[in-house]
Amino acid sequence: MNSHPRRLIVGITGASGAVYGVRLLRLLKPTDIETHLVMSRSAKITLTQELDIGVADVSALADVVHQVDNVGASISSGSFRTLGMVIAPCSMRSLSEIVSGVTSSLLTRAADVVLKERRRLVLLVREAPLHLGHLRSMTAAAEMGAVVYPPVPAFYARPDSLEQMVDHTLGRVLDLLDIETKAVSRWGGLNSIKSADP
């Protein structure tokens, strides 16, 4: 029997799309996953611009909150066992730090640790359009073992709301970590879709 807790690090950067990180924490709340949250300084600014929720409210959704400048936190060490890390959303700056290995905060240090320990790192990279430097950084991240997962909605699920689109994306992200949340509208084949044609 597995005696250690199932832990997941959740990183939130200042890229647009704070809803992904916040909703991820909400989806994980009723599960057995122990969440460890780390937010960049920019994330705290973006959060207040994009959502009607404060930093304290987001922090309350996590089991453990780590300050971004606390490089001595538990999640900065490979001996601290986790399932991995999801950065939602992941800014290009954070991506660049991760692929270079030159980390300046706990958020990117934790991602570096996840990679070196061969654990799952999922990056919800948010930027458009992409220039060659972005694409090269994403290629480098994939070559290092990270999963680059731009939050692209799946319209085959016929979402009725932004929340459904976000939930579907996050449900698929959690599939990569073998965490079930019932957030995914799973594909059942063409026969499961109502055709608009007679």
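In this predicted model, Pro89 is located in strand β4. The peptide bond that leads into Pro89 from Ala88 is cis, and its omega is near 0°. A second cis peptide bond connects Ala128 to Pro129, with omega about -10°. Pro129 belongs to the loop between β5 and α6 (132-144). Most peptide bonds are trans.

Strand β4 (residues 84-90) is parallel to β5 and is joined to it by five bridges. Within this pairing, Val86 has Val122 of β5 as its bridge partner. Strand β5 also pairs with strand β6 (residues 147-148), again in the parallel sense, through two bridges. Here Leu123 is placed opposite Val148 of β6. Strands of a sheet pair through backbone hydrogen bonds, either parallel or antiparallel. Of the six residues of strand β5 (residues 120-125), five are buried, so β5 is largely enclosed by the rest of the structure.

The complete sheet is open and contains six strands in the order β3-β2-β1-β4-β5-β6, with parallel pairing. Strands β3 (64-66) and β6 form the edges, each of them pairing on one side only. At the β3 end, strand β2 (residues 34-39) runs parallel to β3 and is connected to it by three bridges. The residue of β3 that serves as bridge partner to Val38 is His66.

Two helices that lie across the sheet are α1 and α7. Helix α1 lies across β1 (7-12), β2, β4 and β5, and its direction makes an angle of about 160° with β1. Helix α7 lies across β1, β4 and β5, and runs at about 160° to β5. Two packed helices are described by the angle between their axes and the distance between the axes. For helix α1 (residues 18-28) and helix α7 (residues 162-175), the axes come within 10 Å and the crossing angle is roughly 70°. Angles of 65 to 115 degrees count as roughly perpendicular, so α1 is described as roughly perpendicular to α7. The crossing of these two helices is right-handed. On the α1 side the contact is made by Val19, Tyr20, Arg23, Leu24, Leu27 and Leu28, and on the α7 side by Glu163, Val166, Asp167, Thr169, Leu170 and Leu174. By class, the residues of this contact are eight nonpolar, one polar and three charged.

Thr169, a residue of helix α7, has a relative accessibility of 2% and therefore counts as buried. When residues up to four places away in sequence are not counted, Thr169 touches Tyr20, Leu124, Tyr149, Pro151, Val152 and Pro153.

A further helix pair is formed by α4 and α5. Helix α4 (residues 92-100) packs on helix α5 (residues 106-116) at an angle of about 45°, and the axes are 9 Å apart. At this angle α4 is oblique to α5. Their crossing is right-handed. Residues Ser94, Glu97 and Ile98 of α4 meet Leu107, Thr108, Ala111, Asp112 and Leu115 of α5. The contact of α4 with α5 comprises four nonpolar, two polar and two charged residues. Nine of the 11 residues of α5 are buried, so this helix is largely enclosed by the rest of the structure. The buried residues of α5 are Leu106, Leu107, Thr108, Ala110, Ala111, Asp112, Val113, Val114 and Leu115.

Gly14 occupies the loop between β1 and α1. With 25% relative accessibility, Gly14 counts as partly exposed. Apart from neighbours within four places in sequence, Gly14 is in contact with Ser40, Ser42, Ala43 and Thr46. Gly14 and Leu47 are separated by 33 residues in sequence, while their C-alpha atoms are 7.9 Å apart in space.

Most residues other than glycine have a negative phi. Positive values are found at several positions, including Arg118, which follows α5 and has a phi near 60°. Arg158, which is not a glycine, has a positive phi of about 50°; this residue lies in the loop between β6 and α7. Lys182 likewise has a positive phi, near 65°. Lys182 is part of the segment after α7 and is exposed, with a relative accessible area of 72%.

Notes
Residues are numbered from 1 along each chain as its sequence is written. This is a predicted model: local features need pLDDT of at least 70, side-chain atom pairs count only at pLDDT 80 or more; totals for chains, interfaces and linings use all residues. Side-chain values use heavy atoms; hydrogens and water are left out. Axes are lines fitted to C-alpha atoms, for helices over the stretch in contact, and angles run from 0 to 180 degrees between N-to-C directions. Helices (H or I, at least four residues) and strands (E, at least two) are DSSP runs, numbered from the N terminus. Angles under 35 degrees count as roughly parallel, over 145 as roughly antiparallel, 65 to 115 as roughly perpendicular and the rest as oblique. A crossing is left-handed if the near helix is turned anticlockwise from the far one by less than a right angle, and right-handed if clockwise. Contact means heavy atoms within 4.5 Å. Ala, Val, Leu, Ile, Met, Phe, Trp, Tyr, Cys and Pro count as nonpolar, Asp, Glu, Lys and Arg as charged, and the others, Gly among them, as polar. Buried means under 20% relative accessible area, exposed over 50%, partly exposed in between (1.4 Å probe, protein chains only). Two strands pair if DSSP finds at least two bridges between them.
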